[in-house]
Amino acid sequence: MGLSGGSAGSAAADTSLIGRGRGPAPSRIPLSLKLAYSAFMAVLLPVYLTHYGPTNFLYFCDIALILTLVGIWAESALLVSICAAGILAPQLLWAVDFLAQAAGTPLTGMTAYMFNAETSPFLRGLSLFHGWLPFLLVFLVWRLGYDRRAWGAWSALAVILLFVCFFLMPPPRPDPGLTPVNINYVWGMSDTAAQTFLPAWAWFAGLVVAIPLLISWPTHRLLIWLMPQASATLPVTSPVASALTSPSASPAGSGPR
């Protein structure tokens, strides 16, 4: 009877802990997806480093690839939301331009490299992630929820990257080969020549304004409207949150800032 009562009490305690949010939460992203994405990244990362060099990872899309890898294992709504807010629109444009280029009617020229016979089919095949990554991010945000801090975080990151690419990275040149040039299109849409419609500073300033406000902001608002909101990082019922928000935790006059 004593053992039985102890077991029942232990089970009740375990149930109580789970009910209060202290038990292990079920995974919201399938393990098969995590493993498949990790396997893809295990191939892409060393191949890109070998052929393109480390500066290739200054591209917005490649930054998003890495953040997504961390985000799916951590099941971080913030990380996947940052990627979604930042690259959903540009990557969908990439997909449209790719289809248009394949049909012989290029739109922007941003996918011309995918049809360069001098680049190996394997490298071009890896680059097809631009076409499926936005759909993966939509699925991840749907599962984890959209974190409204994403737009601010992406905007800050994007502006920093733009300055680095414009002032420190190589501009377009007639025969760039596999060397990353004109990263994030800070000199125009072509890797072989800078745009001439505007002064270079005006094009760059336009990107600094347009990427956060005209590209990421509408995506941010759309995701808020369509996707579930990410749950709070610290539930009210968690012991940590209770300790932080209890009157005894904060002296009079001091509070969260």
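So, the crossing of helix 4 and helix 7: in this predicted model, that crossing is right-handed. In words, a crossing is right-handed if the near helix is turned clockwise from the far one by less than a right angle, and left-handed if anticlockwise. Two packed helices are described by the angle between their axes and the distance between the axes. Here the axes of helix 4 and helix 7, which covers residues 150-168, cross at roughly 65° and come within 8 Å. The axes are lines fitted to C-alpha atoms, for helices over the stretch in contact, and the angles run from 0 to 180 degrees between N-to-C directions.

Before I go on, a bit of housekeeping. This is a predicted model, where local features need pLDDT of at least 70, side-chain atom pairs count only at pLDDT 80 or more, and totals for chains, interfaces and linings use all residues. Residues are numbered from 1 along each chain as its sequence is written, and side-chain values use heavy atoms, with hydrogens and water left out.

Okay, who actually meets whom at that crossing? From helix 4 we have Leu 78, Ser 81, Ile 82, Ala 85, Gly 86 and Ile 87, and from helix 7 they meet Ala 150, Ala 153 and Trp 154. Contact, by the way, means heavy atoms within 4.5 Å. Sorted by class, that contact has seven nonpolar residues, two polar ones and no charged ones. For the classes, Ala, Val, Leu, Ile, Met, Phe, Trp, Tyr, Cys and Pro count as nonpolar, Asp, Glu, Lys and Arg as charged, and the others, Gly among them, as polar.

Let's pick out Ala 153, over in helix 7. Its C-alpha atom and that of Ser 81 are separated by 9.7 Å, with the two residues 72 apart along the chain. Is Ala 153 buried or exposed? Neither, really: Ala 153 is partly exposed, because its relative accessible area is 33%. The cut-offs are under 20% relative accessible area for buried, over 50% for exposed, and partly exposed in between, using a 1.4 Å probe and protein chains only.

Stepping back to the whole chain, there are nine helices and zero strands. Helices here are DSSP runs (H or I, at least four residues), strands are runs of E of at least two, and the numbering starts from the N terminus. Of the 257 residues in the protein, 39% are buried. And if you take contacts between residues at least 6 apart in sequence, 64% join residues at least 24 apart.

Back to helix 4, which also holds Gln 91. Gln 91 has 6% relative accessibility, so it counts as buried. Skip the neighbours within four places in sequence, and Gln 91 is in contact with Cys 61, Phe 129, His 130 and Pro 134.

Now for the empty space. Rolling a probe the size of a water molecule over the atoms shows where empty space is left. The largest pocket holds about 1,300 Å³. Of its 45 lining residues, the closest to its centre are Tyr 59, Met 110, Tyr 113, Tyr 185 and Asp 191. A pocket is an open set of points, on a 1 Å grid over the protein atoms alone, where a 1.4 Å probe fits, with protein on both sides within 12 Å along at least five of seven lines, and lining residues have an atom within 4 Å of a point. Points are joined across faces, edges and corners, and the volume is the space filled by probe spheres set on them.

Which helix gives the largest share of that lining? Helix 4, with seven residues. Helix 3 (60-74), helix 5 (121-126) and helix 8 (200-226) each supply at least two as well. By class, the lining has 26 nonpolar, 14 polar and five charged residues.

Remember Tyr 185 from that pocket? Tyr 185 sits in the loop between helix 7 and helix 8, and it has a positive phi of about 60° although it isn't a glycine. Glu 75, in the loop between helix 3 and helix 4, also isn't a glycine and has a positive phi of about 50°. Glu 75 counts as buried, because its relative accessibility is 13%.

Last stop, Phe 57, in the loop between helix 2 and helix 3. With 13% relative accessibility, Phe 57 counts as buried. Beyond four places in sequence, its contacts include Leu 45, Tyr 48 and Ile 66. Leu 45, in helix 2 (residues 31-51), is partly exposed at 26%.
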